[in-house]
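Visitor: I have a model open and would like to learn how to read it feature by feature. Could you walk me through it?

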Amino acid sequence: MNAVTTRIALYTRPGCHLCEVAVEALERIGEPYQEIDITGDRELEAEYGDRIPVIMLDGREHGYWRVEEERLRRDLAR
């Protein structure tokens with residue numbers, strides 16, 4: 001069985017409207033992504049709590065609050 005490697009991770013929390021908007025943007029882009037709920041993880045909440053949602057690409061922060069779709073598509077093509 002082959003494991004699917006996702007290049008995109010989305011840090012979220014329940015009830016976050018901007019997170020829902022980010023999911024819609026990622027769905028439009030069409031790349032697989034992993035959604036990570038930071039609720040209850042002290043380290044993640046300390047790191048990302050005020051900036052949710054946070055978009056990670058290849059393990060590095062790509063942006064927060066909004067998905068910059070054109071920029072993300074360009075960076076995925078690299």
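Visitor: Let me start with isoleucine 29: is it buried or exposed?

Guide: Keep in mind that this is a predicted model. For burial, the idea is to compare the relative accessible area with a cut-off, and under 20% counts as buried. Isoleucine 29 has a relative accessible area of 12%, so it is buried. You will find isoleucine 29 in helix H1.

Visitor: Which residues does isoleucine 29 touch, not counting those up to four places away in sequence?

Guide: Leaving out such neighbours helps to show what the fold itself brings together. Here isoleucine 29 touches Val67, Glu69, Leu72, Arg73 and Leu76. A C-alpha distance tells a similar story: isoleucine 29 and glutamate 70 are 41 residues apart along the chain, and their C-alpha atoms are separated by 9.2 Å.

Visitor: How do I go from one buried residue to a core?

Guide: Look for buried nonpolar residues that are joined through side-chain atoms within 4.5 Å. The largest nonpolar core in this model has 13 residues, and isoleucine 29 is among those that touch the most other members, together with Ile8, Leu10, Leu26, Val67, Leu72 and Leu76.

Visitor: Which elements supply at least two residues of this core?

Guide: They are strand E1 (8-12), helix H1 (17-29), strand E3 (54-57) and helix H3. The largest share, five residues, comes from H1. There is also a second, separate core of ten residues, which includes Cys19, Leu44, Tyr48 and Val54.

Visitor: Now the overall layout. In what order do the elements run from the N terminus on?

Guide: Reading the order of helices and strands gives you a map for everything else. The order is β-α-β-α-β-β-α, made up of three helices and four strands. The radius of gyration is 12 Å, close to the 12 Å that the globule rule gives for 78 residues, so the protein is as compact as a globular protein of that length. Taken along the principal axes, the C-alpha atoms fill a box of roughly 30 × 30 × 20 Å.

Visitor: What share of contacts joins residues at least 24 apart?

Guide: For this number, begin with contacts between residues at least 6 apart in sequence; 59% of those join residues at least 24 apart. As for burial across the chain, 38% of the 78 residues count as buried.

Visitor: And what does the surface look like in numbers?

Guide: Two quantities are handy here, exposed area and charge. The protein exposes about 5,400 Å², and carbon and sulfur atoms supply 45% of it. There are 11 positive and 17 negative side chains, with the centres of the two sets 6 Å apart.

Visitor: Can a charged residue be inside? Take aspartate 75: is it buried or exposed?

Guide: The residue type alone does not settle this, and the accessible area is the thing to check. Aspartate 75 has a relative accessible area of 13%, so it is buried. It sits in helix H3 (residues 69-77). Apart from neighbours within four places in sequence, aspartate 75 is in contact with Arg7, Leu57 and His62.

Visitor: Where does arginine 60 fit in?

Guide: Arginine 60 belongs to strand E4 and is exposed, with a relative accessible area of 64%. From arginine 60 to arginine 7 the C-alpha distance is 9.8 Å, with their positions 53 residues apart in sequence.

Visitor: What about backbone angles? Which residues have a positive phi although they are not glycines?

Guide: Go through the phi values and pick out positive ones outside glycine. One of them is aspartate 58, at about 50 degrees, in the loop between E3 and strand E4 (60-64). Aspartate 58 is partly exposed at 45% relative accessible area, and its C-alpha is 4.9 Å from that of arginine 7, 51 residues apart in sequence. Tryptophan 65 also has a positive phi, about 70 degrees. Its place is the loop between E4 and H3, and its relative accessible area of 42% makes it partly exposed.

Visitor: Last one: which residues does a cis peptide bond join?

Guide: Here omega is the angle to read. Isoleucine 52 and proline 53 are joined by a cis peptide bond, with omega about -5 degrees. Proline 53 lies in the loop between helix H2 (42-48) and E3.

How values were computed
Residues are numbered from 1 along each chain as its sequence is written. This is a predicted model: local features need pLDDT of at least 70, side-chain atom pairs count only at pLDDT 80 or more; totals for chains, interfaces and linings use all residues. Side-chain values use heavy atoms; hydrogens and water are left out. The radius of gyration is taken over C-alpha atoms; the globule rule is 2.2 Å times the number of residues to the power 0.38. Buried means under 20% relative accessible area, exposed over 50%, partly exposed in between (1.4 Å probe, protein chains only). Contact means heavy atoms within 4.5 Å. Accessible areas come from the Shrake-Rupley method with a 1.4 Å probe; for residues, only the protein chains shown count as cover. Lys and Arg count as positive and Asp and Glu as negative; His and the chain ends are not counted. The place of a charge is taken as NZ of Lys, CZ of Arg, CG of Asp or CD of Glu.
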